[in-house]
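Student: I would like to learn how to read a metal site and its surroundings in a model such as this one. Could we go through it step by step?

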Amino acid sequence: MKTIIAPSFLSADARYWADEIRLVEQEGIRCLHLDVMDGHFVPNITFGPGPIKMLRSVSAMEFDAHLMVLEPSSIIPAFVDAGVDAVTVHAEACRHLHRTLQQIKDYGKKAGIALNPATPVSFIEPILDMADRILVMSVNPGYGGQKAIMSMTRKIAQLHQLRQKHNYAYEIQADGGINQTNVRAFLEAGAENLVIGSALYQPGKTAENIRALARIIEDFEKNG
Ligand code: DX5
Ligand code: ZN
């Protein structure tokens, strides 16, 4: 599976959102990570389905909604209506996680499960066969620009082994604090979708950052 860079839109300049999408798309990006925060599950508040629906017409790339929302079931239809392609919910935020995942799948969208740093893989083991994506948080959710918790690469490696052993179909996504210095450790652990915010979106340097990250990934894929 080709490794994907998924820019975290939280780090984009909100004054130029449409341009910030076009810019990364021109650099070959095909997945845009949309960090939705409700101020309850996480202390921060970002954006909801409204702005996403307006931005949908800017690009056909995958809109990957990361819902840091308590009990997200009631808001999922609005994100589907806004045109997202994937919805990832937090295992810690859903009283009925199986039902919520089924709800996303019934809409024909990619269904993802996110795990906070302290949540073990065993917590979702019974439904790994349902997931299209497992998002391993390498920071505590709520803010961009944090330092990566590198021990989360062990959780990524564990998911990689489980997938091989049981032939699961999920993609492994890593999210939080990833940069040019530590990205290789995430690749070596088995992550194939890398969410990158503050190390990617930087005024006047975004394209250069994407190219530098892509070179590191390319080198890893070629030479291990
Ligand atoms: C944090 C979000 C992450 C974050 C990534 O709650 O889920 O997607 O924005 O940004 P960086 O790469 O700056 O940690
Ligand atoms: Zn995220």
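Tutor: Let us begin with a term: a polar contact is a pair of N or O atoms within 3.5 Å. Bear in mind also that this is a predicted model. Here, an oxygen atom of ligand 1 is 2.8 Å from an N or O atom in the side chain of Asp 35.

Student: Which other side chains have an N or O atom at such a distance from an oxygen atom of ligand 1?

Tutor: For the side chain of Asp 175 the distance is 2.6 Å, and for that of Ser 198 it is 2.5 Å. Altogether 20 residues surround ligand 1, and among the closest are Gly 142, Asp 175 and Ser 198.

Student: Which residues coordinate the zinc ion (ligand 2), and with which atoms?

Tutor: To read a metal site, one looks for N, O and S atoms within 2.8 Å of the metal. In this structure the zinc ion (ligand 2) is coordinated at 2.1 to 2.3 Å by His 33 and His 66, through NE2 and ND1 respectively, and by Asp 35 and Asp 175 through OD atoms. The site is octahedral, with angles of 72 to 175° among its six donor atoms. Asp 35 belongs to strand S2 (residues 31–37) and Asp 175 to strand S7 (residues 171–175), so this pair ties together parts that are 140 residues apart in sequence.

Student: Are these two aspartates buried or exposed?

Tutor: A residue counts as buried under 20% relative accessible area. Asp 35 is buried because its relative accessibility is 4%, and Asp 175, with a relative accessible area of 7%, is buried as well.

Student: How should I read the two faces of S2?

Tutor: In a regular strand the side chains alternate between the two faces of the sheet. In S2, Cys 31, His 33, Asp 35 and Met 37 lie on one side, while Leu 32, Leu 34 and Val 36 lie on the other, and all of these are buried.

Student: Which strands pair with S2 and with S7?

Tutor: S2 is joined by seven bridges to strand S3 (residues 62–68), and the two run parallel; within this pairing, Val 36 stands opposite Leu 67. Together with helix H2 (residues 49–55), S2 and S3 make a right-handed β-α-β unit. S7 is joined to S8 by three bridges, again in parallel, and the chain passes between them through helix H6 (residues 183–189) in a right-handed β-α-β crossover.

Notes:
Residues numbered from 1 in each chain as written. Chains lettered and ligands numbered in written order. Predicted model: local features only at pLDDT ≥ 70, side-chain atom pairs only at ≥ 80, totals over all residues. Heavy atoms only, no water. Donors = N, O, S within 2.8 Å, 3.2 Å for Na, K, Ca; no water. Tetrahedral: all angles 85-135°; square planar, octahedral: opposite > 155°, others 65-115°. Helix = DSSP H or I, 4+ residues; strand = E, 2+ residues; numbered from the N terminus. Buried < 20%, exposed > 50% of the residue type's maximum accessible area, 1.4 Å probe, protein only. Pairing = 2+ DSSP bridges. Right-handed = clockwise from strand over helix to strand, strands pointing away. Near = heavy atom within 4 Å. Polar contact = N/O pair within 3.5 Å; in protein donor to acceptor, adjacent residues only side chain to side chain.
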